[in-house]
Amino acid sequence: MLIGLVRDSVMQCFCHTCRAPGILPAVSRRSVPIKKNNKTRSKQPRLSKKVKFITTEIRCQEKSRGGLSYEVILAEPAPNVPVPRRPVTPGKNVSVEEIEQKLKAAEERRIFLGAKKMAEISNKLAKVEEATRKKDEITNEFITQTKEQLESKMELHLEKREAIISDMKEKLKIHAQEIEKTRESLEQQKADEQKAIEEKLKIAQFLRDENIKKMLDRLKEHERRAELVRQNKAQTQELDGQQNPVALSG
């Protein structure tokens, strides 16, 4: 408390806005304008109406350039003064009925507050249930829509798949028919070629036989002519042999 009073007195002396008389005789309180503080101050209980100020002595000394040193000398401490206390106001005489009424009113307030709290809790629970119900409805609706979309997509996919499979079957059928036609044409062409080859072989065989027959006939004719030539030659030699002995004998 003493340090607080000293601080207040020092600050009041420097700012010249305090209620205490100025320490420096050269400064007049009336010549200094008082600044009004418009801020509301909280009221604090005062211990005593009269404020006692402690006389202090302040010495100022310049120890360095641009620096000041202050010495605060406190006065002799004052004796301990008893702090006056507020008189205790006597309590009112409260009857049993008033106490019971207050207790009843407190019980009613408690019941009312409990009912109000329960109503608020029930309202919150109802809101939570409503939000949960709405959430479940939205979830079920989303599930239903998603299921319907998936089913429609699956049906469309199955239809497309069946259409693709039927198209592929038709194409395969056409391809198989074309292959069968090609195979038949190839077999027919092969048979025709085989027949033509056989015909050619028959003709070649016939011609070969004819040629062989002609060659045999020619060989026979040649042998017959050779035989005739040999016979003629032999006859000629015989005739010559018969004439030669007659000449020799003459």
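**Exercise 1. State how many helices and strands the protein has, and give their order along the sequence.**

Solution. The structure is a predicted model. Step 1: the protein contains two helices and two strands. Step 2: reading along the sequence gives the pattern α-β-β-α. Step 3: one of these elements, helix 2, covers residues 96–249.

**Exercise 2. Describe burial, contacts and surface for the protein as a whole.**

Solution. Step 1: the protein has 250 residues, and 4% of them count as buried. A residue is called buried when its relative accessible area is under 20%. Step 2: take the contacts with a separation of 6 or more; residues 24 or more positions apart account for 36% of these. Step 3: the exposed area of the protein is about 24800 Å². Carbon and sulfur atoms supply 58% of that area.

**Exercise 3. Work out how D167 and K171 are paired, and whether each is buried, partly exposed or exposed.**

Solution. Step 1: a salt bridge requires a side-chain nitrogen of Lys or Arg within 4 Å of a carboxyl oxygen of Asp or Glu. Step 2: the N to O distance between D167 and K171 is 3.9 Å, and their side chains form a salt bridge. Step 3: D167 and K171 are separated by about one helical turn because they are four residues apart in helix 2. Step 4: residues over 50% relative accessible area are exposed, and those between 20% and 50% are partly exposed. D167 has 40% relative accessibility, so it counts as partly exposed. K171 has a relative accessible area of 54%, so it is exposed.

**Exercise 4. Repeat the analysis for R183 and E187.**

Solution. Step 1: the side chains of R183 and E187 meet in a salt bridge, with 2.5 Å from N to O. Step 2: both residues belong to helix 2 and are four residues apart, which means about one helical turn lies between R183 and E187. Step 3: R183, at 37% relative accessibility, is partly exposed. E187 is also partly exposed, at 44%.

**Exercise 5. Analyse the pair R225 and E221, then say which residues are joined into a network, and how many salt bridges there are.**

Solution. Step 1: R225 and E221 form a salt bridge in which the closest N and O atoms are 3.4 Å apart. Step 2: R225 and E221 lie four residues apart in helix 2, about one turn of the helix. Step 3: R225 is exposed, its relative accessible area being 54%. E221 has a relative accessible area of 29% and is therefore partly exposed. Step 4: E130, R133 and E137 are joined into one network by salt bridges that share partners. Step 5: the count of salt bridges comes to nine.

**Exercise 6. Identify the residues that form the patch of negative charge and those that form the nonpolar patch on the surface.**

Solution. Step 1: the patch of negative charge consists of E148, E151, E155, E159 and E162. Among them, E148 lies in helix 2. Step 2: the nonpolar surface patch is made by M118, I121 and L125, and has an area of about 290 Å². Step 3: I121 is found in helix 2. Step 4: a residue in a patch must have over 30% relative accessible area. I121 is at 37% relative accessibility, so it counts as partly exposed.

Technical notes:
Residues are numbered from 1 along each chain as its sequence is written. This is a predicted model: local features need pLDDT of at least 70, side-chain atom pairs count only at pLDDT 80 or more; totals for chains, interfaces and linings use all residues. Side-chain values use heavy atoms; hydrogens and water are left out. Buried means under 20% relative accessible area, exposed over 50%, partly exposed in between (1.4 Å probe, protein chains only). Contact means heavy atoms within 4.5 Å. Accessible areas come from the Shrake-Rupley method with a 1.4 Å probe; for residues, only the protein chains shown count as cover. Patches are made of residues with over 30% relative accessible area and no salt bridge: like charges are joined within 9 Å, nonpolar side chains (Val, Leu, Ile, Met, Phe, Trp, Tyr) within 5 Å. Lys and Arg count as positive and Asp and Glu as negative; His and the chain ends are not counted. The place of a charge is taken as NZ of Lys, CZ of Arg, CG of Asp or CD of Glu.
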